[in-house]
Amino acid sequence: MRITTIAALALIIPVAAMAETTIEGNIASKCIINTDTQGVYGNPTPDKLSTATTDGGVLPIIRYDVAIADYYTAKITTPTSFSTSPTLSDTVAWSGSTSVSNTSDASMSGYETNKVTYEATTEFDLTVAGTVWFEVSSTAEYGYSKAFPGGTYRAIVQAECIAN
Amino acid sequence: MRTLALMVGLITAASSVAAHELTPTYPKLMPSYVDGLVSAKMRMFNARQDIDYYEIGVFTKDMVAIPFATTNQIIKVPHGTSYEFEIFIRNRDRPAAVYICTMSKLRSDKAQNAIISSKVCSKFDGELQ
């Protein structure tokens, strides 16, 4: 009788404990900008700086994570000036583009076709929850086939995530 | 599929080493203990190893800066830490205040030459969709 009672208690106690254990979760909307790859300008010819891999550069890759769909717009602006450079006596012609390089969800395939570009900025409406990677190309050409002066050159890609 | 994407996003976000986030997405402007001001509390997280400082800004819908007060407009947020702050806006500026943003402050001695600057903006009293 006593053994039976102990056995019964041993079975009941864990069941009671499990019944009172609750786990709660909450997913809040947020946007996270990740700088996966910092870019590097290659210098394939004396008058050109380019992030293209064919020009010896490295494309900057920016990853956006959004927890809930339709809450944010991504805006990426390619450089239109150097933040650091030697003194330049001639004009610099800038060009650049931003494109989707990878996505975590097939339904994000419309991001590339639906993107809006104006001046140096490209906008993507983040309509699907998950992760999207953007790659940014940037090219600077100096004067009319003029060699860039020696020195350090830096330019800034601006990645923004704006709540809708 | 959508749940899987969300999980992938959250897992990768958690393991990220170069992230910048600002929450909540839709902060509420509440009456402040100071007469004539409204305030909102925000939190930012820095996982960018290359960035230590961020600038706080409050903007109109056209991204024109409007005046606000906070303890420090330039904040030091070391890698892997979060920072909570409160901003104060005059009541008369409240209708114009639409966005609150944090922007990374870049160092001039960085090794890379194509640098990424990040800016995350939340929207005051935004409508949940």
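These are my notebook entries on a predicted model with a chain A and a chain B.

**Entry 1: confidence**

Before looking at any detail I looked up how far the predictor trusts its own result, and for the complex I found an ipTM of 0.79 and a pTM of 0.82. For chain B I noted an average pLDDT of 82, with 80% of the residues scoring at least 70. I then asked myself where in chain B confidence is lowest and where it is highest. The lowest mean, 36, belongs to helix α1 (residues 2–14) of chain B, while the highest, 96, belongs to β4(B). Over residues 1–16 of chain B the pLDDT is below 50, although this stretch has 27 contacts in the model beyond near neighbours in sequence. I wrote a caution beside this entry: where pLDDT is low, the predicted coordinates should not be read in detail.

**Entry 2: the two chains in outline**

I went through the secondary structure of chain A and found two helices and ten strands, which run α-β-β-β-β-β-β-α-β-β-β-β from the N terminus on. In chain B I found one helix and eight strands, and here the order from the N terminus is α-β-β-β-β-β-β-β-β.

I also looked up burial, and saw that buried residues make up 36% of the 164 residues in chain A and 33% of the 129 residues in chain B. For contacts with a separation of 6 or more, I noted that residues 24 or more positions apart account for 73% in chain A and for 64% in chain B.

**Entry 3: the largest nonpolar core**

Next I turned to the largest nonpolar core, which has 56 residues, and I listed the ones with the most contacts inside it as A:Ile33, A:Tyr64, A:Tyr72 and A:Cys161. Which strand gives the most to this core? I found that strand β10 (residues 154–163) of chain A does, with seven residues.

I followed A:Tyr64 further and, leaving aside its neighbours within four places in sequence, I found it in contact with A:Cys31, A:Ile33, A:Ala74, A:Leu126, A:Val132 and A:Cys161.

**Entry 4: strand β1 of chain A and its partners**

Two of those contacts led me to strand β1 (residues 31–37) of chain A, where five of the seven residues are buried. This strand pairs in the antiparallel sense with strand β3 (residues 61–66) of chain A over six bridges, and it also pairs in the antiparallel sense with strand β1 (residues 19–23) of chain B over three bridges. I took A:Ile33 as my example: its bridge partner in β3(A) is A:Tyr64, and its bridge partner in β1(B) is B:His20.

I then looked at A:Cys31, which is found in strand β1 of chain A, and asked whether it is buried or exposed. A:Cys31 has 27 other C-beta atoms within 10 Å, and because the cut-off for a buried residue is 20 or more, A:Cys31 counts as buried. Beyond its neighbours within four places in sequence, its contacts are A:Tyr64, A:Val66, A:Tyr72, A:Cys161, B:Glu21 and B:Val120.

**Entry 5: a pair of strands in chain B**

In chain B I looked up strand β7 (residues 99–105), which is largely enclosed by the rest of the structure because five of its seven residues are buried. Strand β4 (residues 53–59) of chain B runs antiparallel to β7(B), and seven bridges join them. Within this pair I saw B:Ile56 standing opposite B:Thr102 in β7(B).

**Entry 6: backbone details**

Finally I checked the backbone for entries that I wanted to mark in the model. A cis peptide bond joins B:Thr23 and B:Pro24, with omega about 0°, and B:Pro24 lies in the loop between β1 and β2 (30–31) of chain B.

In chain A I noted that A:Glu119 has a positive phi of about 45° although it is not a glycine, and that it lies in the loop between β7 (116–118) and β8 (121–126). A:Glu119 has 8 other C-beta atoms within 10 Å, so it is exposed.

I made a further note on A:Ser145, which is not a glycine and has a positive phi near 55°. Its place is in the loop between β9 (130–142) and β10 of chain A, and A:Ser145 counts as exposed because it has 10 C-beta neighbours inside 10 Å.

Notes:
Residues numbered from 1 in each chain as written. Chains lettered and ligands numbered in written order. Predicted model: local features only at pLDDT ≥ 70, side-chain atom pairs only at ≥ 80, totals over all residues. Core = buried A, V, L, I, M, F, W, Y, C linked by C-beta atoms within 7 Å. Buried ≥ 20, exposed ≤ 12 C-beta atoms within 10 Å, placed from the backbone. Helix = DSSP H or I, 4+ residues; strand = E, 2+ residues; numbered from the N terminus. Contact = placed C-beta atoms within 7 Å. Pairing = 2+ DSSP bridges. pLDDT = per-residue confidence, 0-100.
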